[in-house]
Amino acid sequence: MKKQSLVATMLLLSTTLAQAAEQSGLAAFGAGLDGFMSNIFGWFVDLIFFSVPLGDVSFPLIVGWLLVAALVFTFYFGFIQFRQIGLSLDIVRGKYTDPNPANKEEGEVSHFQALATALSGTVGLGNIAGVGAALAIGGPGATFWMIMVGLFGMATKFVECTLGVKYRTVLPSGVVSGGPMYYLSRGMAERGMGGLGKFLAVGFALMCILATFGAGNMFQGNQAFAVMSSTFSIPTDYSVFFGIGLAFLVGMVIIGGMPRIATVTEKVVPFMALLYITMAVIVLIANFNHIGAAFGEIFSGAFTGAGVAGGFIGALIQGLKRATFSNEAGVGSAAIAHSAVKTKEPATEGLVALLEPFIDTVVICTMTALVITISGVNTAANLQTQALTGVDLTRAAFMETAPIFQYFLAVAVLLFAFSTMISWSYYGLKAWTYLFGEGKGGEMIYKLIFLIFVVIGTIVQFSFVIDFSDAALFAMAIFNIIGLYFLMPIVKREVNSFIARVKSGEVKKYK
């Protein structure tokens with residue numbers, strides 16, 4: 001009954017909001033909100049994305065912050081993302097999960113479900129539109145640096161997700177709350193820095209809530225409708241109905257909590273990834289004789305940057321930006337999803353989580369880059385005459401092989417947006433309950449607000465609001481990574497103990 005009530009309330013509020021926005025004028029509504037946000041929070045966006053000149057281009061320091069962390073963790077843990085990849089795969093496949101129901105471990109979801117939920121939050125429009133933007137500015141060489149950052153970022157994901165499980169809270173109902181909010185406050189308190197830990201935890205939670213409404217919600221709905229509208233010639237007046245429909249679908253999933261979200265993502269994520277990768281594979285097979293040349297452009301462009309903005313430095317920066325912005329290693333969001341896993345060994349989920357940047361960046365982003373490079377649509381002439389960038393560039397690249405791919409791509413974008421929304425709703429909810437306490441009433445308030453913002457995102461064209469939500473997203477990384485540096489010795493003890501017990505046979509491997 002409560003679920004039906006929430007859905008009904010959501011639909012009523014969404015419809016009322018949409019009608020009010022239409023009557024007052026969508027353009028005026030959007031411009032007013034944009035201007036209001038810009039006047040109050042413009043300094044915040046400028047601060048988070050502060051850049052320094054590097055050659056002929058500007059380098060955002062936040063990208064350097066994420067990259068340095070990835071390098072530090074990679075060396076500190078002895079390239080664990082490569083040494084233990086086999087163990088990671090075995091854990092995901094359930095080889096270390098006791099099949100006896102009587103030995104049920106605390107948690108809400110399996111290792112695979114946790115991985116799928118976290119991937120649904122990172123594998124999204126960044127893999128399609130973001131890569132297109134990177135290649136439009138940085139050329140094919142940006143792909144090489146995306147791959148490098150993805151490989152190093154695997155170590156960062158390992159650290160934050162191990163901590164997420166170690167310091168999570170399991171309520172008597174079995175519901176799990178975890179993530180940076182908890183390991184920053186509790187872990188830092190263990191090291192005698194409780195005050196700093198509390199400050200970092202509260203700062204992270206506030207930024208997470210803001211990011212979930214923007215980057216994880218409004219932006220996704222906005223871009224999903226834009227792609228569907230251009231592909232299927234849907235009039236912009238129908239954005240209201242698209243938003244309400246999308247909010248209804250999202251609401252039906254998030255009402256059920258983490259188990260329902262995990263059940264949906266474990267089906268949606270493999271399907272949408274398979275759909276997208278299948279299209280890319282078809283393009284690569286159809287252009288098999290051009291693959292070698294495409295890799296040649298990627299490797300040569302990585303160090304020469306010929307013909308792109310900023311030359312070599314431009315290719316480097318675009319690769320770093322798109323990889324770090326795509327897989328979110330260091331942002332801390334994935335640790336919230338992985339905290340809900342059924343396990344008593346924190347290191348197991350860290351080892352599972354390190355697979356995310358590989359799937360997200362090394363596999364999917366690279367395939368997108370190859371499709372664009374092989375198609376030739378990212379040549380300087382095309383970029384200037386057709387003004388192609390982002391998702392338009394990626395769509396044009398697929399259409400070079402088969403025009404029908406634009407329809408499959410539109411479906412993939414819709415699935416990417418939907419899955420990102422449901423994952424980020426969970427991230428925001430856990431940040432919300434950390435700040436305001438656990439309880440059905442508080443959770444319902446958050447979910448209603450989230451669903452209303454789904455509709456807002458589809459009916460209004462934002463500019464600064466999206467910049468602000470992006471800034472909040474990467475501000476999360478500032479609070480998170482400070483804590484990770486202090487807590488990484490704890491992670492080392494956890495993983496060394498687990499691996500030693502695996503080798504000795506104390507941790508049993510099941511068939």
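**Figure 1. The whole chain, with its 22 helices and 4 strands.** Helices here are DSSP runs of H or I with at least four residues, strands are runs of E with at least two, and both are numbered from the N terminus. This is a predicted model, so local features need pLDDT of at least 70 and side-chain atom pairs count only at pLDDT 80 or more, while totals for chains, interfaces and linings use all residues. Residues are numbered from 1 along each chain as its sequence is written, and side-chain values use heavy atoms, with hydrogens and water left out. Buried residues make up 59% of the 511 in the protein chain; buried means under 20% relative accessible area, exposed means over 50%, and partly exposed is in between, using a 1.4 Å probe and protein chains only. Take the contacts (heavy atoms within 4.5 Å) between residues at least 6 apart in sequence: 85% of them join residues at least 24 apart.

**Figure 2. Helix α8 and its kink, centred on Phe152.** Helix α8 covers residues 141–166, 26 residues in all, and reaches 39 Å from its first C-alpha to its last. That is close to the 38 Å expected at 1.5 Å a residue, where the expected span is 1.5 Å times one less than the number of residues. The kink in α8 is about 30 degrees; the bend at a residue is the angle between axes fitted to the seven residues ending there and the seven starting there. Most of α8 is covered, with 23 of its 26 residues buried.

**Figure 3. Where α8 meets α13.** The axes of α8 and helix α13 (residues 291–304) come within 6 Å and cross at roughly 85 degrees. Axes are lines fitted to C-alpha atoms, for helices over the stretch in contact, and angles run from 0 to 180 degrees between N-to-C directions. That crossing makes α8 roughly perpendicular to α13; under 35 degrees counts as roughly parallel, over 145 as roughly antiparallel, 65 to 115 as roughly perpendicular, and the rest as oblique. On the α8 side, the contact is made by Gly141, Thr143, Phe144 and Trp145. Their partners on α13 are Glu297, Ile298, Phe299, Gly301, Ala302 and Phe303.

**Figure 4. Phe158 and the largest nonpolar core.** A nonpolar core is a set of buried Ala, Val, Leu, Ile, Met, Phe, Trp, Tyr and Cys residues joined through side-chain atoms within 4.5 Å. The largest one has 164 residues, and Phe77, Phe158, Phe398, Met476 and Phe498 touch the most other members. Helix α22 (residues 464–504) gives the most to this core, with 19 residues. Now zoom in on Phe158: leaving aside neighbours within four places in sequence, Phe158 is in contact with Phe77, Ile80, Ala347, Gly350, Leu351, Leu354, Val491 and Val495.

**Figure 5. Helices α5 and α16 packed together.** Helix α5 (residues 85–92) and helix α16 (residues 346–353) have axes 8 Å apart and pack at an angle of about 105 degrees. That makes α5 roughly perpendicular to α16. Leu87, Ser88, Ile91 and Val92 come from α5, and they meet Thr348, Leu351 and Val352 of α16.

**Figure 6. Helix α20, seen at Phe418 and at its crossing with α9.** Phe418 lies in α20 (residues 405–436) and is buried, with a relative accessible area of 12%. Leu246 is 172 residues from Phe418 in sequence, yet the two are 7.7 Å apart in space, C-alpha to C-alpha. Setting aside neighbours within four places in sequence, Phe418 is in contact with Leu246, Leu249, Val250, Val253 and Val264. Elsewhere, the axes of helix α9 (residues 180–190) and α20 come within 10 Å and cross at roughly 40 degrees, which makes α9 oblique to α20. Met181, Tyr182 and Ser185 of α9 make that contact with Lys430, Ala431 and Tyr434 of α20.

**Figure 7. Two loop residues with positive phi, Phe79 and Ser233.** Most residues other than glycine have a negative phi. Phe79 has a phi near 55 degrees and is found in the loop between α3 (61–76) and α4 (80–83). At 30% relative accessibility, Phe79 counts as partly exposed. Ser233 has a phi of about 55 degrees and is found in the loop between α10 and α11 (239–254). Ser233 is exposed, with a relative accessible area of 63%.
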